[in-house]
Amino acid sequence: MKTLNDFNFKNKKALIRVDFNVPLNENFEVTDATRIVSAKPTIIKILEDGGSCVLMSHLGRPKGAQEKFSLKHIIPKIEDILGVEVKFASNCVGEEAETKAAALQPGEVLLLENLRFHEEETKGDKTFAQQLSRLGDIYVNDAFGTAHRAHASTTIVAQFFPNSKCFGYLLAKEIESIKKVLEDGEKPVLAILGGAKVSSKITVIENILDKVDHLIIGGGMTFTFVKALGGKVGDSICEDDKMQLALDILKQAEDKGVKVHLPVDVVAADAFSNEAHTQICDVRQIPDGWQGLDAGPESLQIFDTVVNESKTILWNGPLGVFEMEAFAKGTIALGDSIANSTKNGAFSLVGGGDSVAAVKQFGFEDKVSYVSTGGGAMLESLEGKTLPGIAAILE
Ligand code: AMP
């Protein structure tokens with residue numbers, strides 16, 4: 001696997017695919033700069049080698065060139081974080097971009113306008129990718145968040161750099177972390193899958209059953225399993241058409257020697273609301289008119305024991321409706337357990353969708369081993385898929 005350290009960038013121009021798809025407020029100010037901060041080590045390494053950087057990214061989902069999606073809004077933030085002046089090309093391909101890239105001196109940074117102002121980007125257009133390829137000597141992919149897309153800048157462009165392409169530090173770290181869990185994980189390996197629905201996680205569950213010793217199932221998914229096993233789930237979220245699938249998963253897990261832990265009790269509410277009345281009840285005996293919205297105290301104790309006995313932990317999906325304070329306790333308690341296990345030497349990876357939001361919201365970011373920067377890309381990796389953006393560098 002070629003990484004940045006295999007190259008010396010002295011007098012070279014790196015064409016870097018970064019993920020600067022950051023949230024902006026109504027004044028076009030960056031409200032969460034995590035993605036820019038994450039790309040910094042790669043950019044700094046290249047500049048310190050004596051090279052220059054041409055940065056390309058998308059921002060949002062523009063229809064054509066729309067001012068509000070211009071990457072020029074984030075220039076001050078990038079300059080703040082890198083401590084370097086950032087030049088700008090108002091189109092990511094064409095004469096202006098080529099002239100500005102050609103004039104770039106060692107130590108300088110050029111940001112290209114939003115790639116998705118051209119529909120050729122998401123279409124993976126080869127001519128467009130070739131135009132991009134003229135802007136650098138070495139192609140670096142450091143955008144895990146889009147590595148599952150075969151877009152021009154994430155995948156197709158790599159073919160124009162047969163011997164001069166590599167992963168940036170961030171993407172390399174993502175790949176290593178997933179490998180550390182799914183391939184080289186120290187046993188016992190635990191996966192915790194929460195979130196809303198079985199249907200959105202089914203391929204993940206099937207893929208990881210071969211790799212884990214323990215599986216905790218939580219969140220809204222719980223109730224499809226509980227009902228399939230004969231429990232009463234009241235008004236809880238439940239996919240009746242996935243009950244047979246749930247039973248198949250439990251059977252597969254048993255055959256493979258994977259221990260499955262479902263919640264035994266829940267915080268049930270009489271409405272999907274933070275102000276609802278609540279009661280703790282047995283997960284198999286939720287009264288009609290009530291719905292399970294968080295894991296109960298006994299479940300949390302069981303989960304705590306499993307988490308603390310595990311040496312490798314993967315966490316995807318919250319244990320309850322953590323967006324409402326009344327139902328966030330389970331997710332917070334699980335975060336605490338994982339933080340504690342990590343402190344005692346376990347490797348913990350959090351990734352894919354809402355668990356990342358939960359980890360950030362409750363301040364666990366620095367207490368777990370790694371928080372993935374890619375939602376969809378992480379889920380597809382956990383499903384066992386080879387991501388096109390990663391394959392394109394390895395080819
Ligand atoms: P996912 O994107 O599949 O990880 O699902 C995350 C969502 O699942 C969050 O928005 C949670 O509010 C929701 N969720 C977790 N537990 C429950 C539950 N018991 N009932 C309904 N929704 C839930």
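**Reading a predicted two-domain model**

Me: Pro76 and Asp80 are exposed on the other side of H2, away from its buried residues. Which residues of helix H2 are buried?

Reply: Good place to start, and please keep in mind that this is a predicted model. In general, an α-helix has 3.6 residues a turn, so residues three or four places apart point the same way. Here, helix H2 covers residues 75-82, and Ile75, Ile78, Ile81 and Leu82 are its buried residues. Viewed down the axis of H2, these buried residues stay within an arc of 130°, so they line one face of the helix.

Me: What do the buried residues of H2 pack against?

Reply: Their partners are H1, strand S3 (86-89) and strand S4 (109-112). Pro76 and Asp80, by contrast, are exposed on the other side of H2.

Me: What does the backbone do just after H2?

Reply: Look at phi there. Glycine 83 comes just after H2 and takes a positive phi of about 70°.

Me: Which residue other than glycine has a positive phi in the segment before strand S1?

Reply: That is asparagine 11, whose phi is near 60°. Asparagine 11 lies in the segment before strand S1 (13-17). With 58% relative accessibility, against a cut-off of over 50%, asparagine 11 counts as exposed. Phenylalanine 28 is another such case: its phi is positive, about 60°, although it is not a glycine. You will find phenylalanine 28 in the loop between S1 and H1, and its relative accessible area of 31% makes it partly exposed.

Me: While we are on the backbone, where is there a cis peptide bond?

Reply: Check omega. Lysine 187 and proline 188 are joined by a cis peptide bond, with omega at about -5°. Proline 188 belongs to the loop between H6 and strand S7 (189-193).

Me: Let me zoom out. What domains does the assignment give?

Reply: The domain assignment gives domain 1 (4-171) and domain 2 (185-382). To read how two domains are arranged, take the separation of their centres and then the residues in contact. For this protein, the centres are 36 Å apart, taken over C-alpha atoms. The contact takes 8 residues from domain 1 and 10 residues from domain 2.

Me: How do I read the largest pocket, and what is its volume?

Reply: Go from volume to lining, and then to where the lining comes from. The largest pocket has a volume of about 660 Å³. It is lined by 30 residues, and the closest to its centre are Asp32, Thr34, Arg35, Lys360 and Thr373. The elements giving two or more residues to this lining are helix H1 (34-49), helix H6 (169-182), helix H12 (354-361) and strand S15 (370-371). By residue class, the lining of the largest pocket divides into 12 nonpolar, 11 polar and 7 charged. Domain 1 and domain 2 each supply at least three residues to that lining.

Me: How many cavities of 30 Å³ or more does the structure hold?

Reply: The structure holds 1 of them. The largest cavity has a volume of about 60 Å³. Among the residues lining this cavity are Val18, Asp19, Asp142, Leu170 and Thr373. H1 gives the most to the cavity lining, with 3 residues. The lining of the largest cavity divides into 4 nonpolar, 3 polar and 3 charged. Arg35 is part of the cavity lining too, and Arg35 is also listed among the closest residues to the centre of the largest pocket.

Me: Now single residues. Is serine 299 buried or exposed?

Reply: Combine its place, its accessibility and its contacts. Serine 299 sits in helix H10 (residues 297-309). Its relative accessible area is 0%, so serine 299 is buried. Leaving out residues up to four places away in sequence, serine 299 touches Pro263, Val264 and Asp265.

Me: Can we use that recipe again? Where is glutamate 365?

Reply: Glutamate 365 lies in the loop between H12 and S15. At 32% relative accessibility, glutamate 365 counts as partly exposed. Neighbours within four places in sequence aside, glutamate 365 is in contact with Val359, Lys360 and Val371. You can also set sequence distance against distance in space: glutamate 365 and alanine 339 are 26 residues apart in sequence and 9.3 Å apart in space, C-alpha to C-alpha.

Terms used:
Residues are numbered from 1 along each chain as its sequence is written. This is a predicted model: local features need pLDDT of at least 70, side-chain atom pairs count only at pLDDT 80 or more; totals for chains, interfaces and linings use all residues. Side-chain values use heavy atoms; hydrogens and water are left out. On a 1 Å grid over the protein atoms alone, a cavity is a set of points where a 1.4 Å probe fits but cannot get out, and a pocket is an open set with protein on both sides within 12 Å along at least five of seven lines; lining residues have an atom within 4 Å of a point. Grid points are joined across faces, edges and corners, and a volume is the space filled by probe spheres set on the points. Helices (H or I, at least four residues) and strands (E, at least two) are DSSP runs, numbered from the N terminus. Ala, Val, Leu, Ile, Met, Phe, Trp, Tyr, Cys and Pro count as nonpolar, Asp, Glu, Lys and Arg as charged, and the others, Gly among them, as polar. Domain bounds come from an automatic or database domain assignment. Buried means under 20% relative accessible area, exposed over 50%, partly exposed in between (1.4 Å probe, protein chains only). The arc is that of the directions from the helix axis to the C-beta atoms. Contact means heavy atoms within 4.5 Å.
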